[in-house]
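Visitor: I'm new to this one. Can you walk me through it?
Guide: Gladly. Let's have it in front of us.

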Number of protein chains: 2
Amino acid sequence: MLRIAKLTDYATVLMVRLAREPGRCFSAAQLADELGVPQPTVAKLLKHLLRAHLLASARGVGGGYSLAMAPHAISVADVVGAIEGPLALTECARGKGNCSLERGCATRANWQLINRALQVALQAVSLADMARPQLQPIHVQALQEKMP
Amino acid sequence: MLRIAKLTDYATVLMVRLAREPGRCFSAAQLADELGVPQPTVAKLLKHLLRAHLLASARGVGGGYSLAMAPHAISVADVVGAIEGPLALTECARGKGNCSLERGCATRANWQLINRALQVALQAVSLADMARPQLQPIHVQALQEKMP
DNA sequence: ACTATATAGAACCAATGCAGTCCTATTTAG
DNA sequence: CTAAATAGGACTGCATTGGTTCTATATAGT
């Protein structure tokens, strides 16, 4: 398992579609029709992505959504984060010790490192990359430099 | 989000505990008591881990569980896989196209690569590593060689 | 042989979270 | 002024998960 939510999956597909024509403005109905996903669901996702500042919107007739940044400046991590919130594999990985195991739980610090590795992996892939038919192998090297 | 299940978290804590004394045999009650997790829950997890061949068991009086392999030979990916099943971030990542987007979904192949990167990251960390107080930074380099 | 202590495996229940819908503003081009 | 859009909620049915319980089986010690 360890799967992302289905809605998050849709969101990435949406974003990749937008990334193929970065300037253009798409209405929710248009995207829903094109991707074969129900219109209300698409609309909801677009709102979420907007609030995360990944999209720009235009209201009224002829309005719609477009990318807020260049495709290469938006990562998969951004999209996942916008829909699912901050990445936290384990309960304790997001601070606030509501972990019943607290004392003697030596695995915590290690989970945070794994967490970080995952995040770096998702950040390494941009929408521009995803829009390409076949991505280059992901290079999560040099993790040390990115570590605090 | 993108979190592992709470039970999976428990499972790793259990396995790390066993990894600290690889030879020793622990009963479910013993582990439950030591970790502060309800006994039935611990028992269930141990059964799952057993079926995945990560543990060996001994029935009867004085019985219990112990690691089936050396701590360095069991990875976090093994433990996660034993509890949550095979890793598949997206619906389409696990074959069988029950993905409504099918046609024109160029993101699929790319998700599979991300998937793979994650798996490699989890496989790179063993129970022996987790048992250490502070893990070395994860090196998911040379991903190409591991790719088919 | 009998009993206490374990695991083996399955069935079961409650609750949380998620996918999806709907409704009511608000904005804007024509 | 109207039609076409987004903005932002609230709401609901369902699936998954966390957790329990029950029965069967194996084994060490007496």
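Visitor: How much of chain A is buried?
Guide: Of the 148 residues in chain A, 39% are buried. Buried means that 20 or more other C-beta atoms lie within 10 Å of the residue's own; exposed means 12 or fewer, partly exposed is in between, and C-beta atoms are placed from the backbone. This is a predicted model: local features need pLDDT of at least 70, side-chain atom pairs count only at pLDDT 80 or more, and totals for chains, interfaces and linings use all residues. Residues are numbered from 1 along each chain as its sequence is written, while chains are lettered from A and ligands numbered from 1 in the order in which they are written.

Visitor: What does the secondary structure of chain A come to?
Guide: Chain A has 7 helices and 2 strands. Along the sequence the pattern reads α-α-α-β-β-α-α-α-α. Helices (H or I, at least four residues) and strands (E, at least two) are DSSP runs, numbered from the N terminus.

Visitor: And what share of its contacts join residues at least 24 apart?
Guide: 60%, among contacts in chain A between residues at least 6 apart in sequence. Two residues are in contact if their C-beta atoms, placed from the backbone, lie within 7 Å.

Visitor: Take helix α1 of chain A. What should its 15 residues span?
Guide: 21 Å, at 1.5 Å a residue. The expected span is 1.5 Å times one less than the number of residues. The end C-alpha atoms of α1(A), residues 6-20, are 22 Å apart, which agrees.

Visitor: Which residues of α1(A) are buried?
Guide: Among them are A:Thr8, A:Asp9, A:Ala11, A:Val13 and A:Leu14. A:Met15, A:Leu18 and A:Ala19 are also included.

Visitor: What do they pack against?
Guide: In chain A, the buried residues of α1(A) pack against α2, α3, β2, α4 (76-84) and α6. They also pack against α5 (107-123) of chain B.

Visitor: Let's switch to the strands. How do β1(A) and β2(A) pair?
Guide: They pair in the antiparallel sense, over 4 bridges. Two strands pair if DSSP finds at least two bridges between them. A:Leu55 stands opposite A:Leu67 in β2(A).

Visitor: What's in the turn?
Guide: The hairpin has 5 residues between its strands, and A:Gly60 in the turn has a positive phi of about 75°.

Visitor: And in chain B, how many bridges?
Guide: 4 bridges join β1(B), residues 55-58, to β2(B), residues 64-67, and the two run antiparallel. B:Ala56 has B:Ser66 as its bridge partner in β2(B). In that hairpin, B:Gly60 takes a positive phi near 75°.

Visitor: Which residue that is not a glycine has a positive phi in chain A?
Guide: One is A:His53, at about 65°. Most residues other than glycine have a negative phi. A:His53 lies in the loop between α3 and β1 of chain A.

Visitor: Is A:His53 buried or exposed?
Guide: Exposed, because A:His53 has 11 C-beta neighbours inside 10 Å.

Visitor: Now the DNA. Which residues come nearest to strand C?
Guide: Of the 25 residues around DNA strand C, the nearest are A:Ala5, A:Pro38, A:Gly60, B:Ala28 and B:Ser57. Near means that a residue's C-beta atom, placed from the backbone, lies within 6 Å of the strand.

Visitor: And for strand D?
Guide: 25 residues surround DNA strand D, and A:Ser57, B:Ala5, B:Pro38, B:Pro40 and B:Gly60 are the closest.

Visitor: How do the residues near strand D divide by class?
Guide: Into 11 nonpolar, 8 polar and 6 charged. Ala, Val, Leu, Ile, Met, Phe, Trp, Tyr, Cys and Pro count as nonpolar, Asp, Glu, Lys and Arg as charged, and the others, Gly among them, as polar.

Visitor: Last topic: α2(B). Which residues there are buried?
Guide: B:Ala28, B:Leu31 and B:Ala32 are buried in α2(B). They cover an arc of only 100° around the axis, so they sit on the same side of α2(B). That arc is of the directions from the helix axis to the C-beta atoms.

Visitor: What does the face turned away carry?
Guide: The exposed residues B:Ala29 and B:Asp33. The buried residues of α2(B) pack against α1 and α3 of chain B.
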